[in-house]
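Colleague: I have some labels to challenge. Show me the model, then defend them.

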Amino acid sequence: MSSKALAKGYEPHEVEDRWYRYWEAEGLFAAGDTEGREPYCIVIPPPNVTGELHMGHALNNTLQDVLIRYHRMRGLNTLWQPGTDHAGIATQNVVERALAEEGTDRHALGRDRFIERVWGWRREKGGQIINQLKRLGCSCDWSRERFTMDEGLSRAVREVFVQLYEEGLIFRGDYIINWCPRCHTALADLEVEHEDVDGHLYHIRYPLADGSGHLTVATTRPETMLGDTAVSVNPDDKRYKKYIGAEVVLPLIGRRMPVIGDAYVTTDFGTGVLKVTPAHDFNDFEIGRRHDLDTVIMMDESAAVSEAGEKYAGLDRFEARKAVIADLEAQGLLAKIEPYRHAVGHCYRCKTMIEPLLSKQWFVRAEPLAKKAIAAVKKGDTKIFPENWTKTYFEWLENIRDWCISRQIWWGHRIPAWTCQACGEVVVSRTDPDRCACGGELQQETDVLDTWFSSALWPFSTLGWPDRTPELERYYPTSVLVTGFDILFFWVARMMMMGLHSMKDVPFRHVYLHALVRDAGGEKMSKSKGNVIDPLKVMDQYGTDAFRFTLAAFAAMGRDIRMSEERVAGYRNFMNKLWNAARLTLMNVEPEAQAAAELPGDLPVEERWILSRLSAVTAEVRSALDEYRFNDAAQTLYQFTWHEFCDWYLELAKPALYGDDAPAKRVTRAVLTRVLSELVRLLHPFIPFITEEIHQQLVPGAGSIMVAPYPEADDSRLDAAAEADLAQLIEVVTSVRNLRGEMNLPPSARIKVVLVCPDANGAGTLTALEHHIVNLVRAEAVDIAVGSPEDKRPAGSAAGLAGDVSVFVPLAGLIDFTAEEARLQKEIAKLEKDLSRVRAKLGNEDFLQKAPAEVVRKEKDKAAVFGGKLQKLTDNLAKVRAFMNA
């Protein structure tokens with residue numbers, strides 16, 4: 001192809017769109033059915049069908065795509081299984097809001113028509129997140145896309161439910177659950193977000209039934225006393241043990257209740273007397289079961305007081321609290337109110353304060369399943385990265401409670417259970433039954449399953465289970481799950497339990513838990529804070545590859561990512577650096593001829609050096625990716641590409657490329673082509689678009705880079721001597737360049753360089769590299785000597801050090817010291833003024849407290865930069881004055 005094929009500047013959007021369409025059209029994302037190739041499978045954490053791409057999605061899917069592209073290039077039979085989650089409550093809420101805007105609601109439509117409406121919304125809007133994942137460059141096998149409500153997955157859900165029910169691992173019963181009065185549904189423990197709030201502790205007197213006095217309880221929820229059926233004390237509490245067996249009268253209601261003794265009650269909280277409300281508190285429910293207490297449901301599903309609350313019936317819970325407190329005070333039964341900060345549970349969806357409520361629900365008996373999930377990790381069948389999360393995983397599973405899986409909504413997998421209207425028999429079936437065995441009419445359960453129930457089956461249901469499909473045989477257990485640490489319990493642990501139960505094997509061999517993406521100041525992103533960074537806008541502005549590389553470069557295991565657009569802009573510069581290196585290469589080589597060129601055995605030192613470094617970098621990158629050290633792999637490639645290949649090798653190669661020595665030119669062209677070809681393949685999993693564009697020009701006719709072999713380290717290329725020689729060269733050149741900068745010598749100034757080595761070996765090395773030193777520092781001449789620096793230093797010269805080599809640049813005739821002193825003094829004065837202004841701002845407490853964290857951080861960064869520059873200019877001024885006084 002023509003060496004002019006690469007445009008002068010890299011324009012990512014046209015390139016990204018063109019290559020993604022090409023990859024899809026060529027079927028390059030598709031998993032093969034080739035026998036004999038090692039399988040590698042990742043199941044995507046299915047985004048909610050309501051979702052839009054956010055930073056969490058972007059990080060999660062970038063890391064997965066890096067792994068998939070890496071293993072695909074290694075020749076493995078890769079499958080990245082995509083799909084979306086029906087997101088029960090979230091999706092129903094979206095459609096209900098749309099209905100509300102139309103002046104109607106789901107009850108007016110009826111269940112069947114409402115479900116049709118949700119399916120219609122899903123067909124119209126549900127593909128948005130998939131298109132955004134494609135925009136990110138995700139190489140999923142889209143031909144296999146699944147949905148947790150599609151026919152196949154629905155069959156799997158039903159099969160697991162029936163299996164667990166038949167084995168006694170699913171049951172229905174009255175149980176205390178977390179209830180959201182806004183969403184009108186039960187919530188699993190994990191779906192409740194606890195938030196510390198400033199509340200009160202109310203001390204209430206409960207009169208003893210015999211009139212001999214009272215017991216005082218302390219509670220944060222006085223309205224729930226309307227459902228009390230006992231008061232409890234610790235049987236070892238000397239203050240109260242004498243009252244056990246007595247009765248108290250429930251204030252405001254007049255119900256007589258027993259005083260019981262239970263070890264749950266702590267003696268050092270409140271008064272040491274606990275009001276027991278079995279229908280509205282988890283711990284009280286357990287106390288009630290132990291002591292066979294009555295249950296009184298004093299609050300309905302909308303969090304209003306029920307008929308059991310007598311005169312308070314119909315009041316909202318917070319209105320009831322005010323009324324109860326007022327009446328207690330009026331009757332002299334309110335001892336005191338004190339401030340109390342405590343954790344209150346809220347619905348993870350709508351943020352409404354939840355209520356513990358006694359209700360008939362469906363549950364999974366979790367403990368037997370959890371034991372197997374614990375054992376599998378202990379045996380090493382599944383490994384968790386970072387390893388420190390393993391302890392947390394064990395702690396949660398060892399203390400697991402039964403999982404409430406029923407939800408009082410309409411969108412989701414309807415529970416396959418029917419109750420006979422004649423005899424009360426419950427029928428759970430894989431197929432819809434017609435009638436009960438007694439002939440009675442059957443009515444299906446109206447509740448649906450928790451969304452996480454179907455998600456827990458994702459690794460095997462997406463591969464065709466309950467059928468024994470070829471895909472299931474080939475790809476299960478999957479290779480790795482990449483997900484956020486925040487759903488270790490919501491999803492990962494439950495997949496472990498369900499996979500081990502239904503498949504008798506773990507769902508994945510590795511679990512990689514990545515951290516959160518925060519803003520530049522380390523704050524969690526939220527719309528309320530106004531610090532959300534939209535990944536789609538970032539990709540539009542800086543290009544997808546720059547964005548992906550930023551995420552990977554900062555994805556250190558176990559450490560949150562601090563994201564800012566400045567960082568993405570920095571990696572856009574990296575894309576431009578790579579692009580320009582490729583343009584330079586293509587303008588100086590003939591790709592068709594160079595791609596297959598054999599390298600001679602006797603190569604110049606710079607060629608041996610770059611090939612040695614490439615081999616070492618290849619080994620480092622492969623090792624890092626194998627161990628999920630994404631940041632190490634990305635940073636290694638960045639360092640090599642920018643600072644070794646571009647900054648040094650290309651400059652070292654230019655004399656041969658532009659010179660008249662045909663054999664030298666041929667060798668350099670061959671090495672340059674080989675290094676760039678392997679480099680873009682190493683980079684491809686991170687930055688797929690730009691590397692495909694370069695690869696197509698560099699290796700014409702070779703097909704997509706996606707299926708090109710990932711480079712392997714070649715130990716025969718390692719050359720310690722060449723690396724040592726070039727390290728010395730780089731130190732010397734860097735020292736000379738620093739002296740140029742410090743003395744403000746213009747690039748056009750032809751300088752003389754004197755290098756003093758401690759021994760003949762060092763001098764011999766530098767002599768062999770002298771022609772490179774001359775070119776790289778624009779020197780008239782380079783004198784290399786052996787001896788003492790003090791004896792060999794030219795008069796009036798600037799001095800530097802490069803390892804054990806002393807570097808001198810004579811300044812006579814190159815610099816006007818008086819003018820240079822004046823220039824430095826002027827710059828120092830300006831910088832001192834700027835620094836003083838910034839320090840004054842940072843010393844202002846009002847600014848520090850009121851300014852956004854990002855603004856404060858930028859001012860601190862500015863102060864650090866100004867301080868560093870000021871120190872450097874001051875040092876340079878001292879050197880100039882030393883020369884003037886010499």
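Modeller: Start with a side-chain contact. A polar atom of the Arg-111 side chain lies 2.7 Å from the backbone oxygen of Thr-446. This is a predicted model: local features need pLDDT of at least 70, side-chain atom pairs count only at pLDDT 80 or more, and totals for chains, interfaces and linings use all residues. Residues are numbered from 1 along each chain as its sequence is written, and side-chain values use heavy atoms, leaving out hydrogens and water.

Colleague: What makes Arg-111 a residue with no salt bridge?

Modeller: A salt bridge needs a side-chain nitrogen of Lys or Arg within 4 Å of a carboxyl oxygen of Asp or Glu. The nearest side chain of opposite charge, Asp-112, is 5.9 Å away from Arg-111. Lys and Arg count as positive, Asp and Glu as negative; His and the chain ends are not counted. Arg-111 is nevertheless buried (under 20% relative accessible area, 1.4 Å probe, protein chains only).

Colleague: Which residues does Arg-111 touch, not counting those up to four places away in sequence?

Modeller: Ile-409, Trp-410, Arg-414, Thr-446 and Val-448. Contact means heavy atoms within 4.5 Å.

Colleague: How do you know that strand 5 and strand 6 pair?

Modeller: Pairing takes at least two bridges found by DSSP. Strand 5 (residues 170–180) and strand 6 have 3 bridges, in the antiparallel sense. Trp-179 stands opposite Ala-186 in strand 6. The open sheet has 4 strands, in the order 6-5-14-16.

Colleague: Why are strand 6 and strand 16 at the edges?

Modeller: Strand 6 (185–187) and strand 16 (403–404) each have a single partner strand, so one side of each is left without a neighbour in the sheet.

Terms used. Buried < 20%, exposed > 50% of the residue type's maximum accessible area, 1.4 Å probe, protein only. Polar contact = N/O pair within 3.5 Å; in protein donor to acceptor, adjacent residues only side chain to side chain. Helix = DSSP H or I, 4+ residues; strand = E, 2+ residues; numbered from the N terminus.
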